[in-house]
Amino acid sequence: WEKKIMTDCDVKAIKPVVKIDLPAGLSEKFITGTLIMPEITEREYPAVIFIHGMTSSERSYLKLAESLARQNIVCLTINLRGHGRSWGNFNDLTVEDLVIDGLAAYDFLLVQHNVAKDQIGICGSSLGAAIALIVASEKKVKSLVLRTPAVYTKEMMTMKLGQIMKRQDSIFAEIKNPAKTEFMRAVAKFSGQLLVIVSAQDTIIPFLIPRAIFLKAERVEEK
């Protein structure tokens, strides 16, 4: 893989791809992403992982990541399997599969020499926000930004992504008790900084879900 060193003149000129190894035994060996670094790499910086939503890609976060890198924050944008430049058949994958991708991205970022290990945050949208919650429950995460976060029941976790997409207009509204999902248990354990962003125009994720996440976050340092 190749690092992207930021300067004002080349910030949009070079888009190197990084390869993030996945656990052995999977049909796909890695996912792709972009590692965007501040210009001076001799010190440690806070870092953020950006995880996109279903059917999206890292492209939705590249401009924001570039802006943050200018403010001395290391940024990693990723393409989940079946999205963007990453391999994988979207219709054969599950949410459980993509949680593995999020964990692999965290492990990849953690070993970068200029990343402050105790200052890693995650920003995720919808599916990406759900993945961020699970990663934060298993890894050391300082802050979470959850944009229109989705949650998934135990049954939904193993459904093919294509099946979820076919029912997206109703499947989330059918979750009557989000508190019973593993995502609520994850947010209940989180003790860092939390920002939950909702969209008044969202017709897919009902307000009940982000509200439940916000209320369940009782141990957070700040929200």
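**A walk through a predicted fold**

Hi everyone, let me start with one residue: Phe30 counts as buried, at 15% relative accessibility. Buried here means under 20% relative accessible area, exposed means over 50%, and partly exposed is in between, with a 1.4 Å probe and protein chains only. Before I go on, please keep in mind that this is a predicted model, so local features need pLDDT of at least 70 and side-chain atom pairs count only at pLDDT 80 or more, while totals for chains, interfaces and linings use all residues. Residues are numbered from 1 along each chain as its sequence is written, and side-chain values use heavy atoms, with hydrogens and water left out.

Now the overall picture. The protein chain has eight helices and eight strands. Its radius of gyration is 17 Å, close to the 17 Å that the globule rule gives for 223 residues, so the chain is as compact as a globular protein of that length. That radius is taken over C-alpha atoms, and the rule is 2.2 Å times the number of residues to the power 0.38. As for helices (H or I, at least four residues) and strands (E, at least two), they are DSSP runs numbered from the N terminus. Along the principal axes, the C-alpha atoms fill a box of roughly 50 × 40 × 35 Å.

How much of the chain is buried? Buried residues make up 52% of the 223 residues. The accessible surface comes to about 10,800 Å², and 50% of that belongs to carbon and sulfur atoms; these areas come from the Shrake-Rupley method with a 1.4 Å probe, and for residues only the protein chains shown count as cover. Of the contacts (heavy atoms within 4.5 Å) between residues at least 6 apart in sequence, 70% join residues at least 24 apart.

Let's go back to Phe30 and look at rings. The structure holds four aromatic pairs. The rings of Phe30 and Trp87 have centres 5.1 Å apart and planes at 45°, so this pair is tilted. Phe30 sits in strand β3 (residues 30-37) and Trp87 in the loop between β5 (74-79) and α2 (95-110), so to speak two distant parts of the chain, 57 residues apart, linked by one pair. The two partners are covered quite unlike each other: Trp87 is exposed, with a relative accessible area of 51%, whereas Phe30 is buried at 15%.

Another tilted pair is Phe50 with Tyr61, at 4.9 Å centre to centre and 35° between the planes. Here Phe50 is in strand β4 (residues 45-51) and Tyr61 in the loop between β4 and α1 (62-69), 11 residues apart. Phe50 and Tyr61 are both buried. Elsewhere, Tyr152, Phe172 and Phe183 form one aromatic cluster. For the cut-offs, rings of Phe, Tyr and Trp (its six-membered ring) pair if their centres lie within 6.5 Å; planes under 30 degrees apart are stacked, over 60 edge-to-face, and the rest tilted.

Next, charges. Side chains of opposite charge can pair when their charged atoms come close. How many salt bridges does the whole structure have? The search finds four, each being a side-chain nitrogen of Lys or Arg within 4 Å of a carboxyl oxygen of Asp or Glu.

Glu28 and Arg81 meet in one of them, at 3.2 Å from N to O. Glu28 lies in the loop between β2 (18-21) and β3, and Arg81 in the loop between β5 and α2, so the pair ties together parts 53 residues apart in sequence. Glu28 is buried at 11%, and Arg81 is buried at 2%.

Asp107 bridges to Lys139, with the closest N and O atoms 2.9 Å apart. Asp107 is in helix α2 and Lys139 in the loop between α3 (127-138) and β7 (143-147), so parts 32 residues apart are tied together. Asp107 is partly exposed at 36%, and Lys139 is partly exposed at 27%.

Arg167 and Glu174 also meet, at 2.9 Å from N to O. Shared partners join Glu28, Arg81 and Asp101 into one salt-bridge network.

Finally, the cysteines. A disulfide (a pair of cysteine sulfur atoms within 2.5 Å) turns up zero times in the whole structure. Why is Cys123 not bonded to Cys75? The closest cysteine sulfur to that of Cys123 is in Cys75, 9.8 Å away, which is too far for a bond. Cys75 is buried at 0%, and Cys123 is buried at 6%. Thanks for listening!
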